[in-house]
Amino acid sequence: MPSDAEVGTTGAGPLLEVTGLEVSYGDVPVLHGVDLTVGTGERVAVVGESGSGKSTTAAAVLALLPGRGRVTAGSIRFAGEDVTHAPESRLRRLRGREVGLVPQDPMSNLNPATRVGAQVAETLVAHGLAKGRAARDRAIELLVEAGIEQPERRYRQFPHEFSGGMRQRVLIAMALACEPALLIADEPTSALDVTVQRRILDHLETLRASRGASLLMVTHDLGLAADRADRIVVMSKGHVVETGPAEAILRDPQHEYTRRLVAAAPSVNASKVVAAGGVSVTERSAGPDASARPLLEVDDLVRTYRVRGRREPLVAVDHVSFSLQAGTTTAVVGESGSGKTTVARMVLGLEEPTSGEVRLDGEVVRTARGAARRAVRRAMQPVFQDPYASLDPTFTVERIVDEPLRVFGVGDKRSRRARVTDLLEQVALPASVGQRFPGELSGGQRQRVAIARALALDPRLMVCDEAVSALDVLVQDQVMTLLEDLQRDLGISFLFITHDLAVVRQLARDVVVMRNGRVVEHGTVDAVFASPAEDYTRDLLDAIPGAGFFS
Amino acid sequence: MTSTPVDPPVGGPPPPPETPKDGASGLGSRRGRVVRELVRNPLGLVGGGLLLLVVLVALLAPLITGYSPTQVDFDLPFQKPLTVGYPLGTDDLGRDVWSRIAYGARASLVVGLIAVGLAVAVGTPLGLAAGWWGWLDALVSRLTDLMLAFPFLVLAVGLAAINGASLTGAAVALGISQVPTMVRVVRAETIRVKELEFVTAARSLDASAPRILVQHVLPNTASTIIVQATVIMPVAVIGEAILSFLGLGIQPPTPSLGIMLSDAQQYIFRAPSAAIFPGVAIAVICLGFNLFGDALRDALDPTSRR
């Protein structure tokens, strides 16, 4: 086993140097000659859509390729030492001790059966840096540094007693436990709410800077990369297509792919507007005259849940009212736990309100029966967040899109088949997709299928619950364009539930900002974005990644 | 007894259990993927080979045996294997052990199929209903708990005693005693699937509960049900042997692997082969189902792929 003296003696070269890296999963090559360097103290962001190989690159550096992945060519040098094919014993010291990893999903990366503090201490013990009482004391210090209050008490708690943001702080504490020279963060905050995201990233940056460590961050969000990195590496289909200083990449992208990425990045576009502080004149039609009866009225909606072990019921939705004019889009924004999804479920009639009512075109959704009920159902269709879960994997696409027609007994077999082909065409999918299964489609194609299914019954209102949040930037842009086209051509109204203000900015005319079950602000997007009346709304707007870059 | 856990962690998209009328072309590729996965797994191939062997022997029994399984020859008892005309020797009554194994395997498979069929036919609808309707869940789950509180064999022996000692009696007893595990597995899958968004999408169309259960939930639990069936099968085969051994199953002189064991045990030192071969036959059948079931579960579950 090499002695510690060999480790960490940095020459003049970069801390991490990846040259001509090729990685294959089984027989399928996924990285084609990736070159990447991270200097000492430098912050580098790898940006690309899913499948671009950005996470694979990060995993290869730690020799943690999943499944049958292996490095087939190229080299990875850390502090001048070639670690490409280093033995496992060497790699074990590399991981954690010299390179810290902040993983993506704070929910699944802590052991639910072990106390949080013990998991932080374990890192120290595993690397022989501390033992017993000393490890415990150091772990508590690390928790304090990571911004966790009452660390003594928190040390003894289990992961389920922590919120998502708190768990991510714990994971950061673990990554920093051994004072690594390089920190790899794989989508460190994409599972978190925007305001939490910003606080965590600020904190991570403070800790990193104080230690002089380097950062290799993997993200799909160009705005976030611009905010948080000195240099950006853009990847597509396993190739590095462009690399350069963050500012140059954003302001003057050279490669065609980067240009598309910058153009599509909703956060960048939105933050430009926010940073400019002005109201842009939108081409969006003002919609029918506002005195007309709204299509959807949400009137004083309340939903409470009984929680075991608590006497007071939990108020998930607290006297929420708003309305939506036909042919327009209203966005409901808020962080997780704000009650926005519960509102959507009550609008769809999937959940009974405790009090208050939802009216669609004057008809109360809850009490509608018989023909009226069927009419309400036809007029209102959902599109969900996860295109993987919202399509039955055992159905063909044709059968999925056909299902609403069959349930409502529309037409005969032949006319329905023709209708399905029309619907697929409307969402820009070839008819041949009809015979395939959802598992054979990409995420964007699946979401198009979900939209086609929602369109089948000619609805007047589509309720989209985070319908574009799970999609890659470019695909997200395409789907949003599709939704805008549908609104223009078919006059469909959208109720858009989202946490992403950037998406709101692009799609919606009106916005309802929710927090802790209450509506804190309500108005047109232009008005609310330009001059938010509430601190909370301003927080949300400031938290859009990239905002700082353009201000 | 079985190497497969009672509740196999099957997730992800399973294959369609029935051929949808439209879209057979895509189906081929899905089924093709599962078959490819199966073929790639060496243990699955071994299991499949053993099963094929057993099924062929059982089906072709009249063609590949020289003597009737019940033909007695008092002149030639306790013959050693590979003596003229008797590849596996004879038992205490001079009956052909090979012939009795072939016909006994037939009985084992028939009992196994009836038991599995019964467990699936009763357990699946109960599991679906219990998973879907909360109020029914309490009732069904307590009933299955009650049944599971009895050791499986005690339950089967009791039921067989009530049904009367016969092949169908044993098969029904074994089937009923396996219903609770099937209910539990299907119920758990139903609860998982009903939270998925495509079910919510169907609910927001006001599709009826039976419609959603049959069209969406059942196909998505199919792989779990199939795997559970391959777990129940060897249990039923061994159960038949045990019941017949105890005299509660198939009645002599009809051949059964269990009866052969029970008959041979008195003469175990004089003619060990008459006990060893039926034992090996039982082991082969069970091993075949277990290996094949494990491989099938891995092939159907994309997340368990290495």
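This report walks through a predicted model of two protein chains, A and B.

## The two chains

Start with the overall build. Chain A has 21 helices and 20 strands. Chain B has 11 helices and 0 strands. Read along the sequence, chain B gives the pattern α-α-α-α-α-α-α-α-α-α-α.

The table sets out some values for each chain.

| Chain | Residues | Buried residues | Exposed area | Share of that area from carbon and sulfur |
|---|---|---|---|---|
| Chain A | 551 residues | 55% | about 22900 Å² | 49% |
| Chain B | 306 residues | 52% | about 13400 Å² | 70% |

How do distant parts of each sequence meet? Take contacts between residues at least 6 apart in sequence. In chain A, 69% of these join residues at least 24 apart. In chain B, the share is 72%.

## The outline of chain A

What radius of gyration does chain A have, and what would a compact globule have? Chain A has 25 Å. A compact globule with 551 residues would have a value near 24 Å, so the two agree. Along its principal axes, the C-alpha trace of chain A spans about 80 × 55 × 45 Å.

Charge is the next topic. Chain A carries 65 positive and 71 negative charges. The mean positions of these two sets are 6 Å apart.

## A buried strand

Strands of a sheet pair through backbone hydrogen bonds, in either a parallel or an antiparallel sense. Strand 7 of chain A, residues 182-186, shows parallel pairing with strand 6 of chain A, over 4 bridges. Here A:Val99 has A:Leu182 as its bridge partner. Strand 7 of chain A also pairs with strand 8 of chain A, residues 214-219. That pairing is parallel too, with 5 bridges. In it, A:Ala185 stands opposite A:Met217.

Why is strand 7 of chain A described as largely enclosed by the rest of the structure? The reason is that 5 of its 5 residues are buried.

In a regular strand, side chains alternate between the two faces of the sheet. Strand 7 of chain A can be read this way. A:Leu182, A:Ile184 and A:Asp186 point one way, while A:Leu183 and A:Ala185 point the other way. All of them are buried.

## An open antiparallel sheet

Chain A also has an open sheet of 4 strands, in the order 12-11-14-15. The pairing in this sheet is antiparallel. Which strands lie at its edges? They are strand 12 (314-324) and strand 15 (363-364) of chain A, and each pairs on one side only.

Strand 11 of chain A covers residues 296-305. Strand 11 joins strand 12 of chain A through 7 bridges, and the two run antiparallel. One pair to find is A:Leu296 and its bridge partner A:Leu324.

A:Arg303 also lies in strand 11 of chain A. Is A:Arg303 buried or exposed? A:Arg303 counts as buried because its relative accessibility is 18%, and buried means under 20%. Leaving aside residues up to four places away in sequence, A:Arg303 touches several others, including A:Leu314, A:Val315, A:Ala316 and A:Val317. A:Glu351 and A:Glu352 are also among the residues it touches.

## Two hairpins

Now look at two hairpins in chain A. Strand 9 (residues 231-236) and strand 10 (residues 239-245) of chain A pair in the antiparallel sense over 6 bridges. A:Arg231 stands opposite A:Pro245. The hairpin has 2 residues between the strands, and A:Lys237 takes a positive phi near 50 degrees.

Strand 19 (residues 510-515) and strand 20 (residues 518-524) of chain A also pair in the antiparallel sense, over 6 bridges. A:Asp510 stands opposite A:Thr524. This hairpin has 2 residues between its strands. In the turn, A:Asn516 has a positive phi of about 50 degrees.

## An arginine in a loop

Finish with A:Arg97. Where is A:Arg97 placed? A:Arg97 sits in the loop between helix 2 (88-94) and strand 6 (99-102) of chain A. With a relative accessible area of 24%, A:Arg97 is partly exposed. A:Arg43 is 54 residues away from A:Arg97 along the chain. Their C-alpha atoms are separated by 19 Å.

Methods. Residues are numbered from 1 along each chain as its sequence is written. Chains are lettered from A and ligands numbered from 1 in the order in which they are written. Side-chain values use heavy atoms; hydrogens and water are left out. The radius of gyration is taken over C-alpha atoms; the globule rule is 2.2 Å times the number of residues to the power 0.38. Buried means under 20% relative accessible area, exposed over 50%, partly exposed in between (1.4 Å probe, protein chains only). Contact means heavy atoms within 4.5 Å. Accessible areas come from the Shrake-Rupley method with a 1.4 Å probe; for residues, only the protein chains shown count as cover. Lys and Arg count as positive and Asp and Glu as negative; His and the chain ends are not counted. The place of a charge is taken as NZ of Lys, CZ of Arg, CG of Asp or CD of Glu. Two strands pair if DSSP finds at least two bridges between them.
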